Amino acid sequence: MDGTLFVGGGGPDYSEKQQLLLGYANRHGLIAGATGTGKTVTLQILAEGFSAAGVPVFMADVKGDLSGLAKAGSPDSKLHEPFTSRAAKIGYDDYAYAAFPVTFWDLFGEQGHPVRTTVAEMGPLLLSRLLELSEAQEGILNVAFRVADEEGLPLLDLKDLQALLVWIGENREKLSLRFGNVAVASVGAIQRRLLVLENQGGAAFFGEPALALSDLMRTDTEGRGIINILAADKLMAAPRLYSTFLLWLLSELFEELPEVGDPEKPKLVFFFDEAHLLFDGAPKALVDKVEQVARLIRSKGVGVYFCTQNPADVPEDILGQLGNRVQHALRAFTAKDRKDLRLAAETYRDNPRFSTEQAIREVGTGEAVTSLLERKGIPGMVERTLIRPPASQLGPIEVSERKALMNTSALAGKYDHTLDRVSAYEILQKRAQQAAQEAARAEEVAEEQETSAREYNSARRYSGGRVTRSTSRAPKAPDTFGSAMTEAVIKELKGTTGRRIVRGILGGLFKGR
Ligand SMILES: Nc1ncnc2c1ncn2[C@@H]1O[C@H](COP(=O)(O)OP(=O)(O)OP(=O)(O)O)[C@@H](O)[C@H]1O
Ligand SMILES: [Mg+2]
């Protein structure tokens, strides 16, 4: 068992053990197949296997059926018989029901610990993608991030970005001189997109306390990897938020984790379910970046497993990097289906025993055409593999069981309450207040001067016009943010937030700077 993860049985009678080598598990993977062919169970048994090997896992639960990982399967289940006979068939002698350590997460904070990040960390590129901005609008967003950087305005939550955009609208003439046309229509369009995001519940996702990546990379007292399950059922209603969030998470992992070269097992395995959402209508620039992150994140010890119905959904450059593959059945109804099938089959190392293409069409439920990396990272010859049955419960746990796990989680309480620090919104608001106060004061001064001038003039006989050329101070609003910032805020900026805002070169991968 050492250094391997048992996937199922292959060979002519399904008795040959098919194993994923943990040392190559960071060379990414693919789980594909038509609906109802066994993808979710495969996801579940892989998560079990990684956890048992001490590897933490992150996965999104799109249909709400992965929470069963937290509970042992039961001999009373009607699946007990098919599961045990399958186990016997594949020579899975130590098959036993078991529960796994699970932490639940939820962008909306309902079915798990809230997951948040800051607007600054999301960066303009991903945010543009999230908001589906046009090129011109993306340009404005870049200006906004630049201005925030220069002026030391932390962009934490959506309120901050909204306030900054208002400010940009007000100062568009001055900004246009530096950055080119800052059209009020574009600013307005971004504001409307932000409203849509708010209506989808996206506001909850931006703010603090932001997710600490180390909280996704924990093991339990027995050394098992924690399986982090992100509730994604509701999130699926906002597919852009879903895919952008996962992409953000990948880029953060990439930025923050140290290089480890080729570890004996991954530091984290990341399952990207419904991966087609990531690539649907994605601009080439984004696909290139995903490709780049996938390529580079390997050496940080993170394995990324894309799950999708059709491997044709995954761009070729990325598909080429997915070394460990579990291909469940594909349908071949239409001409396009058949073409996709042929293309999918072509990417495998053939097994003389059968035709890959035919096997992909024929495999039964819970069976798959697998190709797992061999020593030296050589793609394994394809095998028809009967995937092992799960040790944990198939299907969701009860809401009450989930609540109980959330309450006793080691992270209970850590993320529950939002923290609203002084950031762009507050600074701009304060600045506006001060400007208003100063204007009022200036008005008073002007009034006083006018009165005294009138008195002076009336005391003289002929030279009433002169005083109007007075050099007295004109009402003047402070024109740097700095003047409105308190010491405390400046100090704050020198801390983590400031550092994050201007984060450097690798941050540029997704931050678009
Ligand atoms: N490895 C397996 N061992 C035992 N039974 C399995 C296995 N894989 C699949 N099954 C059976 O097949 C059913 C369907 O599998 P699963 O839910 O994984 O399909 P799916 O591809 O995720 O479908 P969908 O696209 O609808 O999500 C399971 O409920 C289970 O009964
Ligand atoms: Mg499924």
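**Figure 1. Polar contacts around ligand 1.** A polar contact here is a pair of N or O atoms within 3.5 Å. Keep in mind that this is a predicted model. With that cut-off in hand, start at Ile387: a polar atom of its backbone sits 3.2 Å from a nitrogen atom of ligand 1. Thr40 joins in through its side chain, with a polar atom 2.6 Å from an oxygen atom of the ligand. Lys63 also uses its side chain, where an N or O atom is 2.6 Å from an oxygen atom of ligand 1. On its own, ligand 1 has 620 Å² of accessible area, and the protein covers 79% of that.

**Figure 2. The pocket and the shell around ligand 1.** Ligand 1 takes up the space of the largest pocket. Two elements give two or more residues each to the shell: helix H1 (39–52) and helix H2 (80–89). H1 provides the largest share, three residues. There are 18 residues around the ligand, and the ones that come nearest are Gly36, Lys39, Thr40, Val41 and Lys63. Sorted by class, the shell holds seven nonpolar, seven polar and four charged residues.

**Figure 3. A salt bridge between Arg388 and Glu48.** Side chains of opposite charge can pair when their charged atoms come close. Here Arg388 pairs up with Glu48, and their closest N and O atoms are 3.0 Å apart. This pair ties together distant parts of the chain, with the two positions 340 residues apart in numbering. Glu48 belongs to helix H1, while Arg388 lies in the loop between strand S12 (383–387) and helix H14 (399–408). The total count for the model is 22 salt bridges.

Terms used
Residues numbered from 1 in each chain as written. Chains lettered and ligands numbered in written order. Predicted model: local features only at pLDDT ≥ 70, side-chain atom pairs only at ≥ 80, totals over all residues. Heavy atoms only, no water. Near = heavy atom within 4 Å. Polar contact = N/O pair within 3.5 Å; in protein donor to acceptor, adjacent residues only side chain to side chain. Areas by Shrake-Rupley, 256 points an atom, 1.4 Å probe, with all protein chains shown as cover. 1 Å grid on protein atoms, 1.4 Å probe; cavity = no way out; pocket = protein on both sides within 12 Å on 5 of 7 lines; lining within 4 Å. Sits in = over half its atoms within 2 Å of the grid points. Helix = DSSP H or I, 4+ residues; strand = E, 2+ residues; numbered from the N terminus. Nonpolar A, V, L, I, M, F, W, Y, C, P; charged D, E, K, R; others polar. Salt bridge = Lys/Arg side-chain N within 4 Å of Asp/Glu carboxyl O.
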